[in-house]
Amino acid sequence: MPVLSLLSAVLVITFEQLVQWHYGPAGIAGLLLLSIGVKTRNTTCSSVGAALLAILVAGPALR
């Protein structure tokens with residue numbers, strides 16, 4: 001079990017760094033809103049975070 005939790009933590013940190021590198025502070029804010037919304041079961045918070053991430057991902061395609 002400790003190996004699984006360590007691997008999970010490494011994957012989460014790697015994903016966060018990738019989002020921050022590619023999308024900047026707005027990506028981190030979206031990821032933070034999404035994760036807080038899911039943990040607290042707040043649909044408004046998670047929806048705003050998901051929408052922000054979707055806009056960031058679709059942004060270059062719209063130009």
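**Exercise 1. Which residues line the largest pocket?**

Solution. Keep in mind as you go that you're looking at a predicted model.

Step 1: go around the wall of the largest pocket and you'll meet V12, F15, E16, Q17, Q20, I28, L31, L32, S35 and K39.

Step 2: sort that lining by class, and you get 5 nonpolar, 3 polar and 2 charged residues.

Step 3: look at the space inside, which comes to about 220 Å³.

**Exercise 2. Work out whether I28 is buried, partly exposed or exposed.**

Solution. Step 1: find I28 in helix α1.

Step 2: take its relative accessible area, 27%.

Step 3: check the cut-offs: buried means under 20%, and exposed means over 50%. The value for I28 is 27%, so I28 is partly exposed.

Step 4: tie this back to Exercise 1, where I28 is one of the residues lining the largest pocket.

**Exercise 3. Find the nonpolar patch on the surface and place L18 in it.**

Solution. Step 1: the patch is formed by F15, L18 and W21.

Step 2: together, these three have about 400 Å² of accessible area.

Step 3: zoom in on L18, which sits in helix α1. Its relative accessible area is 49%, so L18 counts as partly exposed.

Step 4: spot the overlap: F15 belongs to this patch, and F15 also lines the largest pocket.

**Exercise 4. Compare distance in sequence with distance in space for three residue pairs.**

Solution. Step 1: start with V48 and G30. They're 18 residues apart in sequence, and their C-alpha atoms are 7.4 Å apart. V48 is in helix α2 and is partly exposed, at 45% relative accessibility.

Step 2: move on to L52 and L31, which are 21 residues apart in sequence and 8.5 Å apart from C-alpha to C-alpha. L52 is also found in helix α2, and with a relative accessible area of 27% L52 is partly exposed. As for L31, you've met it in the lining of the largest pocket.

Step 3: finish with I28 and C45. Here the separation is 17 residues in sequence and 14 Å in space, again C-alpha to C-alpha.

**Exercise 5. Say what catches the eye about the phi of R41.**

Solution. Step 1: locate R41 in the loop between α1 (2-40) and α2 (43-62).

Step 2: read off phi, which is near 60°. That's a positive value in a residue other than glycine.

Step 3: hold that against the general pattern: most residues other than glycine have a negative phi.

Step 4: add the surroundings. With a relative accessible area of 77%, R41 is exposed.

Methods:
Residues are numbered from 1 along each chain as its sequence is written. This is a predicted model: local features need pLDDT of at least 70, side-chain atom pairs count only at pLDDT 80 or more; totals for chains, interfaces and linings use all residues. Side-chain values use heavy atoms; hydrogens and water are left out. Helices (H or I, at least four residues) and strands (E, at least two) are DSSP runs, numbered from the N terminus. Buried means under 20% relative accessible area, exposed over 50%, partly exposed in between (1.4 Å probe, protein chains only). Patches are made of residues with over 30% relative accessible area and no salt bridge: like charges are joined within 9 Å, nonpolar side chains (Val, Leu, Ile, Met, Phe, Trp, Tyr) within 5 Å. Accessible areas come from the Shrake-Rupley method with a 1.4 Å probe; for residues, only the protein chains shown count as cover. A salt bridge is a side-chain nitrogen of Lys or Arg within 4 Å of a carboxyl oxygen of Asp or Glu. On a 1 Å grid over the protein atoms alone, a cavity is a set of points where a 1.4 Å probe fits but cannot get out, and a pocket is an open set with protein on both sides within 12 Å along at least five of seven lines; lining residues have an atom within 4 Å of a point. Grid points are joined across faces, edges and corners, and a volume is the space filled by probe spheres set on the points. Ala, Val, Leu, Ile, Met, Phe, Trp, Tyr, Cys and Pro count as nonpolar, Asp, Glu, Lys and Arg as charged, and the others, Gly among them, as polar.
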